[in-house]
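Please open the model in a viewer and keep the selection tool at hand. The tour below proceeds stop by stop, stating at each one what to select and what is found there.

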Amino acid sequence: MDNNAITTDALIIGAGPAGLMAAEVLVAAGHATLIVEAKPSVGRKFLMAGKSGLNLTKDEPFDTFLQSFDRPAELEPMLRAFGPAQVVDWAQGLGQDVFTGSTGRVFPKAMKASPLLRAQLARLQAGGAQLRTRWRWLGGAGDVMQFETPDGVTTVAAKVTVMALGGASWERLGSNGQWAPVLAEKGIDITPFVPANMGLEVAWSDHMVRHFGAPVKAVALQCGAAVHRGEFVVSQRGVEGGGIYALSRALRGGAPLFVDLLPDRSIAQIAGRLARARGKATVANHLRKALNLSPVKQALLMEFARPLSEGEALARVIKRLPLRHNGPRPLDEAISVAGGLPWPALDNGLMLRNWSGVFAAGEMLDWEAPTGGYLLTACMATGRWAGQAAVRYLT
């Protein structure tokens, strides 16, 4: 007998939100479950997301919530079964109270991911789940999977396997997309990865340096037919933040990006204020006094619209300032990705059609959504859905 061979009821590959949620379902159903993770510790991307305040989900009407996803038809049953309300119940069940912010975003009161992750791991281990780290998936056939481990190559024979190997961004946190060619060899036509929730590259002039790190608040961004009210940040390499991320799909399509610097005022209102006597005031002071434009908004106006026009013509530029950029930042810097396992390759339970007993969940699947709680909710929902389907397969 191979000393490096293990047998188990259920195998979970990838210990992020999707994989751990699938493990919860299988453990609760009484199945021996082995969780394996390629990195030295689990939930690295989850923990990184919690550094700035863990946004668990979004409290809004379900139809509104669903339309934030590019695959609403495919994801709807999973999100109805485990949507915002269920995410809140799950967090509270792990002893973490939550609160809802003014925009509907839901956060744990601790504002961190680590207490949730510790409680989830403790519950899994109390249920008998086994966890192994530094196990890198090499592939498999039938019900046998192969891993590179600290003890050498190890095989696991499992009655069911749930793969939650992540997308292809933030490689240092564990998502590198290296599973894609392995599955492609099995005849699955993997949809190429593209960045989602990504920043844009901008070649700034020198006068923008002092504004690096400044938030641009209370603006409306337009890209093609997509319009989003929000904010973004000017960084050394370009622009990033929720307002930009929400337009990822349109930006990837090459549509130009425009910024309305004063979305709550009309062209006529802006022109009227600009018509006030300027006297000896500089252009910057006139824009500040007449329109209350922040320094970073003034800088953007000067960056993209010099030489400035006057009157109504300037008002029109303020309402539709072109933000010229050089395209998305590199794939590995994106918060998430689109592409991956195509939906036709999966059955209704997220089992691979050409690999019986093997399920997939999370960012491996071809879907995308903006930040703001949508990503995390769908990862957990697909993990739970795959776990339930794996339980049905076992029984």
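Two strands are said to pair if DSSP finds at least two bridges between them. With that rule in mind, and noting that this is a predicted model, the tour may begin.

**First stop: strand β1 and its neighbours**

Select residues 5–13, which form strand β1, together with residues 152–163, which form strand β9. These two strands pair in the parallel sense, and eight bridges join them. To see one position in this pairing, highlight T8 of the chain and look across to β9, where A158 stands opposite.

Next, keep β1 on display and add residues 33–37, the strand β2. Here β1 and β2 run parallel, joined by four bridges. A useful pair to label is A10 and T33, since T33 in β2 is the bridge partner of A10. When viewing such strands, recall that side chains in a regular strand alternate between the two faces of the sheet.

**Second stop: an open sheet of three strands**

Which order do the strands of the open sheet follow? The order is β3-β5-β4, and the pairing is antiparallel. Select residues 57–58 for β3 and residues 98–100 for β4; these are the edge strands, each pairing on one side only. Then add residues 105–108, the strand β5, which pairs with β3 in the antiparallel sense over two bridges. Within this pairing, K58 has R105 of β5 as its bridge partner.

**Third stop: the two domains**

Colour the chain by domain: domain 1 comprises 6–194 + 338–394, and domain 2 comprises 200–328. Their C-alpha centres lie 38 Å apart. Eight residues from domain 1 and six residues from domain 2 make up the contact. The area buried between domain 1 and domain 2 is about 460 Å², and carbon and sulfur atoms give 52% of that area.

**Fourth stop: the salt bridge at the interface**

How many salt bridges are counted between domain 1 and domain 2? The count is one. Select E368 and R252 and show their side chains: they meet in a salt bridge, at 2.5 Å from N to O. Across the interface of domain 1 and domain 2, one residue pair is found in polar contact. On the side of domain 1 that touches domain 2, the residues divide into four nonpolar, two polar and two charged.

Conventions. Residues numbered from 1 in each chain as written. Predicted model: local features only at pLDDT ≥ 70, side-chain atom pairs only at ≥ 80, totals over all residues. Heavy atoms only, no water. Domains from an automatic or database assignment. Contact = heavy atoms within 4.5 Å. Buried area = accessible area lost by both parts, 1.4 Å probe. Salt bridge = Lys/Arg side-chain N within 4 Å of Asp/Glu carboxyl O. Polar contact = N/O pair within 3.5 Å; in protein donor to acceptor, adjacent residues only side chain to side chain. Nonpolar A, V, L, I, M, F, W, Y, C, P; charged D, E, K, R; others polar.
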